[in-house]
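Got the viewer open and a selection box ready? Here's a short walk through a few spots, with a note on what to click at each stop.

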Amino acid sequence: MPETGGVREVKSAGRTVELLEVLAARGDRPARLRELAEELGVPRSSMYALLQTLIDRGWVRTDATGSLYGIGIRALLTGTSYLDTDPRVRAARPHLDEASTALGETVHLGRIDRDDVVYLATRESHEYVRTISRVGRRLPAHVGALGKALLAERDTLPQGDLERFTPNTHVDGASLAADLEQVRERGYSIDREEGVTGIVGFGFVLRYEVPAVDAISCSVPVARLTEAHEKEIVTVMREARARIEAAAVPLPGAPDWR
């Protein structure tokens, strides 16, 4: 059984967390009992009992037939609390607003989580509207501007096969490593339609921790991107980064979350 800091992992707690993570990752694709039991390698009877407990407490929801399962509303409440109580998210929000207004583009704040980046805040452009908010969603770090900016601060690359999102996605280690070297030389990352076709991103790490765990980015439709606008984006985003870093100093007595 795995140990963390000399303390043995509680098997039932670990299984519960794994189940919730699986359901969250499926998004709008509900799962059946058999699928969940097989993916987590537990007996169906044990999985059914766990699901019923979590349904009763609001962490899992089921359909009218009781055969399909998805993430429950309690997960939303917990996630919202995380965002509301994180001092760095609060510090960044007004500066994201300013950058988005100045550029007329969408800007993001993200945090690295293992080999992924989780979106913590987004300010949408008024020039083009997305129908789905990115907040709370995750993207492999090798794909977008946020993730590449953060990977460039590290000595190791994501392990295993790299998922391809578009024809421009870096899917081999050598190609990604070469791109990250350019990020270090340039001082910011560029995602040229690597995550979403038709969208270019510019990513900037926030260096209030070493190695950096947070970054901001600006997403721009290819049709709106000119050489002059790219220079403007880099200037405004660098200024936003400096303001966020200055505002992110912890208050005396505040927890130093890790």
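Start by selecting Leu76: its relative accessibility is 55%, so with the cut-off for exposed set at over 50%, it counts as exposed. Keep in mind as you go that this is a predicted model.

Zoom out a little and you'll find Leu76 in helix H4, which covers residues 73-85. Now add Ile73 and Leu77 to the selection: together with Leu76 they make a nonpolar patch on the surface, with about 320 Å² of accessible area between them.

Next stop, the aromatics. How many aromatic pairs does the structure hold? There is 1. Select Tyr188 and Phe204 to see it: the ring centres are 5.2 Å apart and the planes sit at 20 degrees, which is under 30, so the pair counts as stacked. The two residues come from distant parts of the chain, 16 residues apart. Tyr188 is in the loop between helix H7 (173-186) and strand S9 (189-192), while Phe204 belongs to strand S10 (residues 199-206).

Are these two rings buried or exposed? Tyr188 has 12% relative accessibility, so it counts as buried. Phe204 is buried too, with a relative accessible area of 0%.

Stay on Tyr188 and bring up Arg186: the charged end of Arg186 sits over the Tyr188 ring, 5.5 Å from its centre.

For the last stop, select Arg88 and Tyr208. Here the charged end of Arg88 sits over the ring of Tyr208, at 4.3 Å from the ring centre.

How values were computed. Residues numbered from 1 in each chain as written. Predicted model: local features only at pLDDT ≥ 70, side-chain atom pairs only at ≥ 80, totals over all residues. Heavy atoms only, no water. Patch = residues over 30% accessible without salt bridge, like charges linked within 9 Å, V, L, I, M, F, W, Y side chains within 5 Å. Areas by Shrake-Rupley, 256 points an atom, 1.4 Å probe, with all protein chains shown as cover. Salt bridge = Lys/Arg side-chain N within 4 Å of Asp/Glu carboxyl O. Helix = DSSP H or I, 4+ residues; strand = E, 2+ residues; numbered from the N terminus. Buried < 20%, exposed > 50% of the residue type's maximum accessible area, 1.4 Å probe, protein only. Phe/Tyr/Trp six-rings, centres within 6.5 Å; stacked < 30°, edge-to-face > 60°. Lys NZ or Arg CZ within 6 Å of the ring centre and 35° of its normal.
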